[in-house]
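The following exercises concern one protein model. Please examine the sequence and the coordinates before reading the solutions.

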Amino acid sequence: MSASMNILLSGVGGQGTVLASKLLARCAIARGEAAHTAETIGMAQRGGCVTSHVRIGKCFSPMIPKGCADAIIAFEPAEAVRCLDFLKEGGWVIVSSAAIKPVTDTLSASGYSGEPMLEYLRNLPVRLICVNGEEIARACGSAKVLNMALLGAAAASGAIGISPEELENAVANLSPKFRDANCMAIRMGVVAAGN
């Protein structure tokens, strides 16, 4: 890992954004590096946005300044676009292609699909990886593994300076009930990063 790494994770309440950030910090600490995390949770319990900041290495604040994130890991396309001002020039965006419709869309039937957000990202000068999180979740038998699939893709790309093996070692300390599905999701995320 480089001298410092700033990773912003953004999703919707219930997607495992905070767990993913803690896992990244655990990987860094296991190799003897300093790690800081901070969350801005808002209305997470009602499907609102959740943003987690992970800073590895020497830093003076747990919050990533705008324009300084090495990578954004977004659990939903609109969340990726919403957080772009945090990304440094030439940074990585790892995003799940599946849209999560906000309550306002359900009430107004605006037809939000997420594809316009993905197309917007494809036209930016960023290093982009789109992960079909729904497909991986189906293959793993759990919707709760999206966070691991995104981390696997980010690790395989080199975007976060943590290897897939380090992620799997950290997952070994999580609940045994989901260990196999989480490791499978990491491996499928690694494959998705190569596509």
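The exercises below proceed from the whole chain to the sheet and then to single residues.

This is a predicted model, in which local features need pLDDT of at least 70 and side-chain atom pairs count only at pLDDT 80 or more, while totals for chains, interfaces and linings use all residues. Residues are numbered from 1 along each chain as its sequence is written, and side-chain values use heavy atoms, with hydrogens and water left out.

**Exercise 1. Describe the protein chain as a whole.**

Step 1. Determine the secondary structure; helices (H or I, at least four residues) and strands (E, at least two) are DSSP runs, numbered from the N terminus. The protein chain has 8 helices and 6 strands. Read from the N terminus, their succession is β-α-β-β-β-α-β-α-α-β-α-α-α-α.

Step 2. Assess burial, where buried means under 20% relative accessible area, exposed over 50%, and partly exposed in between (1.4 Å probe, protein chains only). Of the 195 residues in the protein chain, 48% are buried.

Step 3. Consider the surface, computed by the Shrake-Rupley method with a 1.4 Å probe, with only the protein chains shown counting as cover for residues. The accessible surface is about 9200 Å², and carbon and sulfur atoms contribute 56% of that area.

Step 4. Examine the contacts, defined by heavy atoms within 4.5 Å. Among contacts with a separation of 6 or more, 61% join residues 24 or more positions apart.

**Exercise 2. Establish the strand order of the sheet and identify its edges.**

Step 1. Apply the pairing criterion: two strands pair if DSSP finds at least two bridges between them. The result is an open sheet of 6 strands in the order β2-β3-β1-β4-β5-β6, with mixed pairing.

Step 2. Locate the edges. Strands β2 (35-40) and β6 (127-131) each have a single partner strand, so one side of each is left without a neighbour in the sheet.

Step 3. State the twist, using axes that are lines fitted to C-alpha atoms (for helices over the stretch in contact) and angles that run from 0 to 180 degrees between N-to-C directions. From one strand to the next, the twist averages 15°.

Step 4. Add the helix. Helix α6 (residues 146-157) packs on the sheet and touches β1 (4-12), β4 (69-74), β5 (87-96) and β6. The direction of α6 makes about 140° with that of β5.

**Exercise 3. Trace the pairings of strand β3 and place S52 within them.**

Step 1. Begin with β2, which pairs with β3 (residues 49-57) in the antiparallel sense over 6 bridges. T40 has T51 as its bridge partner in β3, and A38 is bridged to H53 of β3.

Step 2. Turn to β1, which is antiparallel to β3 and paired with it over 9 bridges. Here I7 has V54 of β3 as its bridge partner.

Step 3. Evaluate the cover: 8 of the 9 residues of β3 are buried.

Step 4. Inspect S52, a residue of β3. S52 is buried, at 0% relative accessibility. Leaving aside neighbours within four places in sequence, S52 is in contact with I7, L8, L9, T17, V18, S21, A38 and E39. The C-alpha atoms of S52 and K22 lie 9.2 Å apart, with their positions 30 residues apart in sequence.

**Exercise 4. Explain how strand β5 is enclosed, with V93 and S96 as examples.**

Step 1. Identify a pairing: β4 and β5 run parallel and are joined by 5 bridges. A69 has L87 of β5 as its bridge partner.

Step 2. Count the buried residues. In β5, 7 of the 10 residues are buried, so the strand is largely enclosed by the rest of the structure.

Step 3. Examine V93, which lies in β5 and is buried at 0% relative accessibility. Not counting residues up to four places away in sequence, V93 touches I72, A80, L84, L87, V126, R127, L128 and I129. The C-alpha atoms of V93 and L128 are separated by 4.9 Å, although the two residues are 35 residues apart along the chain.

Step 4. Examine S96, also in β5 and buried, with a relative accessible area of 1%. Beyond neighbours within four places in sequence, the contacts of S96 include A74, F75, E76, P77, V131, G133, L146 and L150.
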